[in-house]
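Got the viewer open? Let's walk through this one selection at a time.

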Amino acid sequence: MASITLKDLVKAYGDTEVLHHIDGQIADGEFVVIVGPSGCGKSTLLRMIAGLETVTGGDIQIADQVVNDLEPADRDIAMVFQNYALYPHMTVRENMAYGLKIRRISKAEINRRVEEAADILEIRPYLERKPRQLSGGQRQRVAMGRAIVRDPQVFLFDEPLSNLDAKLRVQMRLEIRKLQQKLGVTSIYVTHDQVEAMTLGDRLMVLNGGYVEQFGTPIELYDRPQSMFVGGFIGSPAMNFLPADADGATITLANGTTLAGEVRAGAVTMGIRPEHLIRSEAGPVRLKVQMMEQLGANTLLHGVLEGTQTEMVASLPGHVTAELGAVLSFEAAAETLHFFAPDTQKRIE
Amino acid sequence: MLKRVHFPSSVLPFLLVAPQIIVTVVFFLWPAAQAIYQSFLIEDAFGLSTEFVWFENFELLFADAHYLDSFWRTLFFSAAVALLSMSVALILAGFADRIVRGATAYRTLLIWPYAVAPVLAGALWVFMFNPTLGIFPYFLDMLGVDWNHYLNGSQAMALVIFAAAWKQIAYNFLFYLAAMQSIPLSLIEAAAIDGAGPVRRFKDFVFPLISPTTFFLLVINAVYAFFDTFGIIHAITQGGPANSTTILVYKVFNDGFVGLDLGGSAAQSVILMFLVIIMTVVQFRYVERKVEY
Amino acid sequence: MVENRPLLTFISHLVLILGVVIVALPIWITFVAATHDAVRMTQAPIPLLPGAHFWQNFKDTLFGSGLSSSAGAPVWRMLLNSLVMALLIASGKIVISLLSAFAIVYFKFPFRMGFFWMIFITLMLPVEVRILPTFEVVANLGMLNSYWGLSVPLIASATATFMFRQVFLTIPDEMLESARIDGAGPMRFFWDILIPLSRTNIAALFVILFIFGWNQYLWPLLITTDSDMTTIVMSIKEMLEVAEQSPQWHIVMMTALLAMIPPVFVVIGMQKLFVQGLTETDK
């Protein structure tokens, strides 16, 4: 039973607070991805859970035990680093065995576990090689193997795929997910890549500037972003934000066109995803095309809301051609509209 | 300086630095403090009593024509050694840098005098210039030069400069060659396309670009000439004839161990320490500057 | 090469060969002198080509009592003394510098910077400027005429400490983090990770320090009065003085040759490490 609880967790360097009162519950066996732009504090949070950074305030519990003051080695965790951190002078076998050796596990048992992990990861042929003789993908597997042999309560991943090329990244992403489901070990995974986050995580914790913006399943984040930040961060291309005025029943956009929408009266920011804009001759949202991107499966139209400087994007299925400078009209289903308060940038329910 | 991630404080780090610190305190700081203390003392002729005299030893030194001579002689000696050995090394490195094949072979053949102890270097040169047997006096005699560094102070000085510079060529050569090889080839090629010939390129590009190395070597060679040439002088001239090759380090040794003038020798030590501190500071200023590049 | 100029290439080789000749000449003359007998070495001009007495001189020098008129230790004994001294100095410097650099880079502890500056100061105190008081300390500790007296006062090293500090700073932080998660304590990390990762730096430094130790002159001269503790480098000076009275240049030069062969061999045999060590320690 290895659930993880973060209670009112604070991290400060001197007077600078970098993580502000983080709360979160991670269930046993759950795969949680911490995602956010660089500098949001996600790596710091992971390293605090690992025991590599001290805790300024609050508690970290692993399996109902407060681990704030435990050494990393005593927390029963394993970590996969961004640059893999393989010991360059040791063979793959020695790398994987090192932690077990320190724990004085018998040689036979070490070999059994190393070889078992090597089989799972299909790196058995490389066991006697040094890390520098391996490709990036193979090193990545060794780093995972080193985590697996320890049979820990928690896996921690610190952007483990960011050094791989795009194709390998997709492949390893799937393998990590399969592996985690097979082993059922509670995992925390840090990344700045929202696609990686969406595909891997049971739940996502979106961090921004040291605050948790939202903590939920990928679909919750996509369907009901709790802030403009989450709306813009999750989904690609990013959500359009259009300033508007609401009177309770209708929404008036900056260029004067109106559409139906029930939201509290006053100034709002309306969010709409590019893929939720539907072509409609009489639609209220009018896009003046400035650039087109043909992606094959769909077409992205970049431009501005007609009569304003507000930039927006529409994503249409299939091949669409439009003249530059042409104005296209769109509509959107009411349930795909999101409203945010312009001042707090939080979702208006 | 310190790793972002580090071990917490315990008794262990103190144990780890202890050997180094103990050796430093016992054999460096304590003797240096002693030297400073002794430099304020004067012992009577029979060594029976000592008197605390503040700066009198220093005053005596700077009033002593022998000491002042030795001071200027040391400056001249250092400048000559640095200039001679650095220019030979620069020329050799400049040509070695041009050569594609065989550069390593030349390097091998040029660097090993570094491994020869100064006193051995002195022995080698004193043998070559031995007035009765040496090969060079034999040839110089044909040219009408009467060589005897045991009698002629200028010749003695020339000989210790040769020996000291010879030993240092290897070091300077290595640093010059490394500096030249670190100049991007594209830059030199661009200069060649602009029409600059090899000599011009050396003058306008290579030499200015390696000027940090030149400055660095200047300091290193000065330190070398000041402190590491004791063996050379001890082997070749023992400071003679008539003190014409007594540089400061040699004088400290001579006055302290041979002349047994403790206060005077200590005062000289203190002055030398002061000089090393200046040179070290200059050298580190250089290192800092290099970091900024 | 940027352009193809055969004449310039030819001149380059010419200048370099000339340079090699100048640099090698003293050694050549030493070698030649060591291959002739005593009689030939008293006649001017001395020969420039090797003679036939190399092995004879070699045997006489190494196992005889060196110069007939000096009562010194046999040359093999001096070589042994030099070897022990050089090895003690080199390994001593490396060990204490590794330990203190490890403490300074990987631990946060009180007076850390104070210790750092204390080590730094040794850079400014070469043995030549503090010979008398250092001699007194060693004499008071009863370390005269001993291997400890020859080596220990020379093993504090700011440059080696700085170099290892530099090396440790370039080792990625993740190595330590990974080792901590693996459960390695500080000393375990030091042995299992840091030392293996600094192997080539240690070897390079060892080459430089071995030469430094072997070539020590003033210090051994001061603290050894017992001829059994004489080092080979020291003995040369004494022999030169004797040679002035009764010329035995063939033995003196053979001794000089024996004294320079070990360090020269180290420099040439381990050239890559030597160059690395030299450029790293002085940065």
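**Stop 1: chain A as a whole**

Select chain A and switch to cartoon: you should find eight helices and 20 strands. Helices here are DSSP runs of H or I with at least four residues, strands are runs of E with at least two, and both are numbered from the N terminus.

A quick note before you click on. This is a predicted model, where local features need pLDDT of at least 70 and side-chain atom pairs count only at pLDDT 80 or more, while totals for chains, interfaces and linings use all residues. Residues are numbered from 1 along each chain as its sequence is written, with chains lettered from A and ligands numbered from 1 in the order in which they are written.

Zoom out, and the C-alpha trace of chain A spans about 75 × 45 × 35 Å along its principal axes. Of its 349 residues, 40% are buried (20 or more other C-beta atoms within 10 Å of a residue's own, with C-beta atoms placed from the backbone; 12 or fewer is exposed, in between is partly exposed).

**Stop 2: two helices that cross**

Now pick residues 92-102 (helix 2) and 107-121 (helix 3) of chain A: their axes come within 10 Å and cross at roughly 135 degrees. The axes are lines fitted to C-alpha atoms over the stretch in contact, and angles run from 0 to 180 degrees between N-to-C directions. Helix 2 and helix 3 of chain A are therefore oblique to each other (under 35 degrees would be roughly parallel, over 145 roughly antiparallel, 65 to 115 roughly perpendicular, and the rest is oblique).

Show the side chains next. Helix 2 of chain A brings A:R93, A:M96, A:A97, A:L100 and A:K101 to the contact, and helix 3 of chain A brings A:I110, A:R113, A:V114 and A:A117. Contact means C-beta atoms, placed from the backbone, within 7 Å.

**Stop 3: strand 19**

Jump to residues 327-331 of chain A, which form strand 19. A:L328 and A:F330 sit on its covered face, while A:V327, A:S329 and A:E331 are on the uncovered one.

Add strand 15 (residues 278-279) of chain A, which runs antiparallel to strand 19 and is joined to it by two bridges; here A:R279 has A:F330 as its bridge partner. Then add strand 16 (residues 285-294) of chain A, also antiparallel to strand 19, with four bridges. There, A:V285 stands opposite A:F330.

**Stop 4: chain C against chain B**

Finally, show chains B and C: their contact takes 82 residues from chain C and 85 residues from chain B. Which helix of chain C gives the most to its side? Helix 1 of chain C does, with 13 residues.

How values were computed: Two residues are in contact if their C-beta atoms, placed from the backbone, lie within 7 Å. Two strands pair if DSSP finds at least two bridges between them.
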